[in-house]
Amino acid sequence: MAEPATDTILVLNGPNLNMLGTREPEKYGHATLADVETLCRETAAAFGLKADCRQSNREGELIDFIHEAHAGRMKGIIINAGGYSHTSIALHDALLAVQIPTVEVHVTNIHARESFRHHSYTARAAFASLCGFGIEGYRLAIQGLAAKLGIKPKA
């Protein structure tokens with residue numbers, strides 16, 4: 001018999017997201033990655049969940065984190081794979097392999113940007129994708145993931 005899933009979700013941020021707050025603030029705003037992580041932990045806690053927040057600029061390490069989410073029986077994944085969203089079949093395959101409910105997030109509206117950003121491999125492995133809401137997209141993603149999992153906010 002399989003062990004029950006933990007009460008943890010993985011919030012995974014890809015390349016250059018460690019530069020939030022200083023990188024092109026006219027596009028990405030002034031919030032930092034630390035702000036994103038605080039928002040995610042607070043939103044997850046409202047549903048009785050824990051957010052394990054991680055960031056890497058390396059594709060292989062992101063894949064390892066996804067595999068760890070599977071091994072740790074995490075309930076869900078919120079992923080902003082940054083530029084890897086548009087290039088990484090390997091991330092797509094890792095998300096499909098672990099079969100964990102996943103929501104893709106982008107701070108900017110990728111469809112209003114350069115044409116090479118309009119396609120996302122990671123979106124094809126997620127049950128939902130949010131873009132253009134700034135860092136609020138992470139809150140919306142966690143709320144949507146909780147709804148998908150049938151988890152109501154704690155009173």
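His86 counts as buried in this predicted model, with a relative accessibility of 12%. The residue sits in the loop that runs between strand E3 and helix H4 (89-98). According to UniProt, in an unreviewed entry, His86 carries the label "binding site", along with Asn80, Asp93, Val107, Thr108 and Arg117. Asn80 from that list belongs to strand E3 itself, which spans residues 76-80. With a relative accessible area of 2%, Asn80 is buried too, because the cut-off for that label is under 20%. Setting aside neighbours within four places in sequence, Asn80 makes contact with Leu12, Asn13, Gly14 and Leu17, with Val105, His106 and Val107, and with Tyr138. Val107, one of those partners, is itself on the UniProt "binding site" list.

His106, another partner of Asn80, turns up in a second annotation: the unreviewed UniProt entry puts "active site" at Tyr28 and His106. The two are spread over 79 residues of sequence, yet they cluster in space, with a largest C-alpha distance of 9.7 Å. Tyr28 is part of helix H1, residues 25-28, and is buried at 9% relative accessible area. Beyond four places in sequence, the residues that Tyr28 touches are Leu20, Arg23, Val107, Thr108 and Arg113. Val107 and Thr108 from this set are also listed by UniProt under "binding site".

Now for the nonpolar interior. In soluble globular proteins, nonpolar side chains tend to be buried together. The largest nonpolar core in the model has 27 residues, and the members touching the most others are Ile9, Val11, Val36, Cys40, Ala51, Ile78 and Tyr138. At least two residues of this core come from each of strand E1 (8-13), helix H2 (33-45), strand E2 (50-55), strand E4 (102-106) and helix H5 (136-149). A second core, separate from this one, holds 18 residues, including Ile66, Ala69, Tyr84 and Ala125.

Ile78 gives a good feel for how the larger core is put together. Not counting residues up to four places away in sequence, Ile78 touches Ile9, Leu10, Val11 and Leu12, then Val103 and Val105, and finally Tyr138, Ala141, Ile142 and Leu145. Val105, from that list, is a residue of strand E4 and is buried, with a relative accessible area of 0%. Its own contacts beyond four places in sequence are Ile78, Ile79, Asn80, Leu130, Gly137, Tyr138 and Ala141. Asn80, the "binding site" residue in the UniProt record, is thus found among the contacts of Val105. The C-alpha atoms of Val105 and Leu95, ten residues apart along the chain, are separated by 14 Å.

Helices H2 and H5 also meet directly. Their axes come within 9 Å and cross at roughly 25°. The two helices are therefore roughly parallel to each other, since angles under 35 degrees count as such. The crossing is right-handed. On the H2 side, the residues that meet H5 are Val36, Leu39, Cys40, Thr43 and Ala44, and on the H5 side they face Glu136, Tyr138, Arg139, Ile142 and Gln143. Val36, Cys40 and Tyr138 from this meeting are also among the members of the largest core that touch the most others.

Leu62 belongs to helix H3, residues 59-71, and is buried at 1% relative accessible area. Aside from residues up to four places away in sequence, Leu62 touches Leu12, Asn13, Gly14, Pro15, Ser56, Tyr84 and Leu91. Tyr84, one of these, is a member of the second core. Leu12, Asn13 and Gly14 from the Leu62 contacts are also touched by Asn80. Leu62 and Ala94 are 32 residues apart along the chain, with 9.4 Å between their C-alpha atoms.

Two loop residues have unusual backbone angles. Most residues other than glycine have a negative phi. Asn16, however, has a positive phi, near 70°. Asn16 lies in the loop between E1 and H1 and is partly exposed, with a relative accessible area of 39%. Gln99 also has a positive phi, of about 50°, although it is not a glycine. Gln99 is found in the loop between H4 and E4 and counts as exposed, at 71% relative accessibility.

Notes: Residues are numbered from 1 along each chain as its sequence is written. This is a predicted model: local features need pLDDT of at least 70, side-chain atom pairs count only at pLDDT 80 or more; totals for chains, interfaces and linings use all residues. Side-chain values use heavy atoms; hydrogens and water are left out. A nonpolar core is a set of buried Ala, Val, Leu, Ile, Met, Phe, Trp, Tyr and Cys residues joined through side-chain atoms within 4.5 Å. Buried means under 20% relative accessible area, exposed over 50%, partly exposed in between (1.4 Å probe, protein chains only). Helices (H or I, at least four residues) and strands (E, at least two) are DSSP runs, numbered from the N terminus. Contact means heavy atoms within 4.5 Å. UniProt positions are given in the numbering used here, feature names are shortened, and annotations may be inferred rather than shown by experiment. Axes are lines fitted to C-alpha atoms, for helices over the stretch in contact, and angles run from 0 to 180 degrees between N-to-C directions. Angles under 35 degrees count as roughly parallel, over 145 as roughly antiparallel, 65 to 115 as roughly perpendicular and the rest as oblique. A crossing is left-handed if the near helix is turned anticlockwise from the far one by less than a right angle, and right-handed if clockwise.
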